[in-house]
Amino acid sequence: PAAVRSAALIAAAAALEAGGGAVAELVVREVGKPITEARGEVARGVAILRYYATAPLLADGETLPAADPGALLMARRLPLGVIGCITPWNFPVAIPLWKVAPAVAFGNAAVLKPAGAATAVAACLLELIGPHLPPHLLQILTGEAATGAALAAHPDVAAVSFTGSVAAGRKVVAGAAVRGARVQAEMGGQNPSVVLADADLDRAAATIAAAAMGCAGQKCTATGRVIVEAPVYAALRERLVAAVAALRVLDPADAETVVGPVIDARSRGRALDAIAEGGGRVLIGGEPLDAPGFYLAPTLVELERPAGPLVDAEVFAPVAALLRAESAEAAIALANRGRYGLAAALFTRDLALALRLAPQLAAGMVRLNAPTTGVDYHAPFGGIRDSSYGPREQGAAARDFYTESRTILIAP
């Protein structure tokens, strides 16, 4: 019943809040996220649970005028059944909860398949939240890619919500779609931050440095390209290098740390290969750090032309490319280059220019004088092109994915 679902999510939020300190420390230990970001993510998880606790009590449809004035015509939203939730390691609390919470809120059961690198956090979430739900309504399925593929292809799974890489996402989409199941997939980005000549350069540099390098750049919304209008290119470059140099690196358990380790040796190796193949001039960083863990110094690479892996691929490490544009229009064209379209940022103090250019940015989320990272949990989340497939996540948009419409006519 709706009231029971609402109460269960409220209780789950209280349990996560009470155990939040231990969960945040586990996030640090398992995936290397800096403790300040880990605490923020746990707080976001609590907020997500509380937000969706209100959803079961909202209207579940509408009445419509029937051809027979004595009849009752309704369109109702009803649950789908079992939802498969496949999640990555970089947000091991928030992403599972923004899938599981609406699934449960709208009357479904959920099977969570976390990334192998974040299994302990997922198990901890189940320990905290599971007791407040009916038995087996939320289950965890551990494993790697083959396990996710099996979940997506299972005939009893009504819908699949996936977050991860493009390659894995396409396989999940194919496995679900071939049998007619509902599917949504969020598959990353190569996100631009555009700095125009009239921007507040100090603010832009500080914001972009954090968005590109925070959590070692391991966010699908992290800034990967910094595109600067020619008149302020040199000034912004100087400020951005200084802002990156000022970021605290290493121990993720230190509350002052902004850049922690990359998740594993393979990921760091791919990032170093991208830097070597990028063909640009390394302004800062570019080397692994001599520390216990897979650390990579925050790296900014100046490119003469918009080509190569630092522009066309998602590096998923503390690495960003810096490019010059001769005009605002040229900057937008550079920003729209490539296969991704998740998030984009535009820095300017000209409101008229912002209103004209923002709709031209080919991204599902456009942010003005703000980082590419982050989105309000009650707002739609998703991109275009190769960044996303299917309907948006989060907020009111979640109801459309986790329920189906039934038209019901009651004749006298």
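I'll start with Tyr377, which at a relative accessible area of 27% is partly exposed. Keep in mind throughout that this is a predicted model. Tyr51 is also partly exposed, at 27% relative accessibility.

What is the geometry of the Tyr51 and Tyr377 rings? Their centres are 5.8 Å apart and their planes stand at 70°, and anything over 60 degrees counts as edge-to-face, so that is what this pair is. In sequence the two residues are 326 apart: Tyr51 belongs to helix α3, residues 35–53, while Tyr377 is in the loop between β14 (365–368) and β15 (388–389). Tyr52 joins them, and ring pairs link Tyr51, Tyr52 and Tyr377 into a cluster.

The count of aromatic pairs comes to 5. Another one of them is Phe401 with Tyr402, where the centres are 5.0 Å apart and the planes are at 90°, so this pair is edge-to-face too. Phe401 and Tyr402 are both buried.

One more ring before I move on. Phe91 has the charged end of Lys33 sitting over its ring, 3.7 Å from the centre.

Next, strand β6, residues 159–163. How much of β6 is buried? 5 of its 5 residues are, so the strand is largely enclosed by the rest of the structure. In a regular strand, side chains alternate between the two faces of the sheet. Here Ala159, Ser161 and Thr163 point one way, Val160 and Phe162 point the other way, and all are buried.

Which strands does β6 pair with? One is β3, residues 82–86, in the parallel sense, over 4 bridges. Within that pairing, Ile83 has Ala159 as its bridge partner. Another is β7, residues 182–186, also parallel to β6, with 5 bridges joining them. Opposite Ser161 in that pairing stands Gln184 of β7. From β6 the chain goes through helix α7, residues 166–177, to reach β7, and this β-α-β crossover is right-handed.

Now the charged side chains. The count of salt bridges is 14. I'll go through some of them.

Arg237 bridges to Glu302, with the closest N and O atoms 2.7 Å apart. This pair links distant parts of the chain, 65 residues apart: Arg237 is in helix α9, residues 233–245, and Glu302 is in strand β11, residues 299–302. Is each partner buried or partly exposed? Arg237 has a relative accessible area of 24%, which makes it partly exposed. Glu302, at 8%, counts as buried. The cut-off for buried is under 20%, so Arg237 falls outside it and Glu302 inside.

Arg248 and Asp254 meet in a salt bridge at 2.8 Å, N to O. Arg248 is partly exposed at 42%, and Asp254 is partly exposed at 22%.

Arg337 and Asp312 form a salt bridge with their closest N and O atoms 3.3 Å apart. Arg337 lies in the loop between α12 (328–335) and β13 (343–347), and Asp312 lies in helix α11, residues 309–312, so the bridge ties together parts that are 25 residues apart in sequence. Both ends are partly exposed, with Arg337 at 32% and Asp312 at 31%.

Last, a network: salt bridges link Arg170, Arg339 and Asp386.

To recap, β6 is largely enclosed, with 5 of 5 residues buried. Tyr51, Tyr52 and Tyr377 form a ring cluster, and the Arg237 and Glu302 salt bridge joins helix α9 to strand β11.

Note on methods. Residues numbered from 1 in each chain as written. Predicted model: local features only at pLDDT ≥ 70, side-chain atom pairs only at ≥ 80, totals over all residues. Heavy atoms only, no water. Buried < 20%, exposed > 50% of the residue type's maximum accessible area, 1.4 Å probe, protein only. Pairing = 2+ DSSP bridges. Right-handed = clockwise from strand over helix to strand, strands pointing away. Phe/Tyr/Trp six-rings, centres within 6.5 Å; stacked < 30°, edge-to-face > 60°. Lys NZ or Arg CZ within 6 Å of the ring centre and 35° of its normal. Salt bridge = Lys/Arg side-chain N within 4 Å of Asp/Glu carboxyl O.
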